[in-house]
Amino acid sequence: MRIAATVIFALYTIILGVLSIPLWIVILGLSLTVSKKKKYEKTSMFYNKLFALGYRACAFFAGARVKVIGKEKLPDPKTGERFLMVGNHTSNLDPFIMGGYMGEYPMAFISKPSIFDVPFAGRYMWRLRYMAVDRKDNRQGITVIRQAA
């Protein structure tokens with residue numbers, strides 16, 4: 001029974017993966033319109049929604065069932081009120097969950113610099129004004145955190 005369930009889940013994942021290829025081609029193609037040489041002053045809601053869709057797809061294909069609890073305690077996204085949300089990284093899906101399911105909030109994500117080198121994701125992160133923090137340079141880290149606030 002367990003083997004059958006594993007096989008069914010594997011086939012399900014493969015079929016969905018193949019069906020999602022057009023989505024990934026569109027996401028990859030649109031990432032090529034982002035210049036990593038340009039300093040963006042404002043976050044693009046278009047790219048924010050597109051990246052959130054990509055995040056949700058990754059979480060879905062990873063088999064994550066997401067249930068957001070307590071979202072009503074957060075300020076209304078239209079007010080622009082700021083808050084700090086920290087991922088505890090109990091899994092590698094934290095960024096996917098926060099980015100995919102909290103996309104209506106204007107967020108300033110902080111990441112390690114090497115993540116910006118990921119081919120198309122790095123371009124989206126640049127366009128969405130994610131910030132790179134070098135963990136070995138505390139002063140630079142404080143500067144980036146102040147910019148995020």
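This report walks through the fold, the surface and three residues of a predicted model.

**Overall layout**

Let us start with the whole chain. The protein has six helices and two strands, and reading from the N terminus the order of elements is α-α-α-α-β-α-β-α. The C-alpha trace extends about 55 × 35 × 35 Å along its principal axes. Of the 149 residues in the protein, 26% are buried. Counting contacts with a separation of 6 or more, 63% are between residues 24 or more positions apart.

**Surface and charge**

What does the outside look like in numbers? The protein exposes about 10,900 Å², and 63% of that area comes from carbon and sulfur atoms. As for charge, there are 22 positive and 9 negative side chains in the protein. The centres of these two sets are 5 Å apart.

One surface feature deserves a visit of its own. Which residues form a nonpolar patch on the surface? They are I3, V7, L11, I15 and L19, and together they have about 530 Å² of accessible area. I3, a member of this patch, is found in helix α1, which covers residues 2–19.

**Three residues side by side**

The table sets out three residues with their elements and accessibilities.

| Residue | Element | Relative accessibility | Class |
|---|---|---|---|
| I3 | helix α1 (residues 2–19) | 68% | exposed |
| L28 | helix α2 (residues 21–31) | 42% | partly exposed |
| S111 | strand β1 (residues 110–111) | 15% | buried |

Why does I3 count as exposed? Its relative accessibility is 68%, and the class of exposed residues begins over 50%. L28, in helix α2, counts as partly exposed because its relative accessibility is 42%. S111 has a value of 15% and therefore counts as buried, as the cut-off for that class is under 20%.

**Links to other parts of the chain**

If you have the structure open, S111 in strand β1 is a good place to look next. Which residues does S111 touch, leaving aside those up to four places away in sequence? The answer is F116, M125, M131, A132 and V133.

M131, one of the residues touched by S111, also appears in a pairing with L28. L28 and M131 are 103 residues apart in sequence, and their C-alpha atoms are 21 Å apart in space. L28 itself belongs to helix α2, which spans residues 21–31.

Note on methods
Residues are numbered from 1 along each chain as its sequence is written. This is a predicted model: local features need pLDDT of at least 70, side-chain atom pairs count only at pLDDT 80 or more; totals for chains, interfaces and linings use all residues. Side-chain values use heavy atoms; hydrogens and water are left out. Patches are made of residues with over 30% relative accessible area and no salt bridge: like charges are joined within 9 Å, nonpolar side chains (Val, Leu, Ile, Met, Phe, Trp, Tyr) within 5 Å. Accessible areas come from the Shrake-Rupley method with a 1.4 Å probe; for residues, only the protein chains shown count as cover. A salt bridge is a side-chain nitrogen of Lys or Arg within 4 Å of a carboxyl oxygen of Asp or Glu. Helices (H or I, at least four residues) and strands (E, at least two) are DSSP runs, numbered from the N terminus. Buried means under 20% relative accessible area, exposed over 50%, partly exposed in between (1.4 Å probe, protein chains only). Contact means heavy atoms within 4.5 Å. Lys and Arg count as positive and Asp and Glu as negative; His and the chain ends are not counted. The place of a charge is taken as NZ of Lys, CZ of Arg, CG of Asp or CD of Glu.
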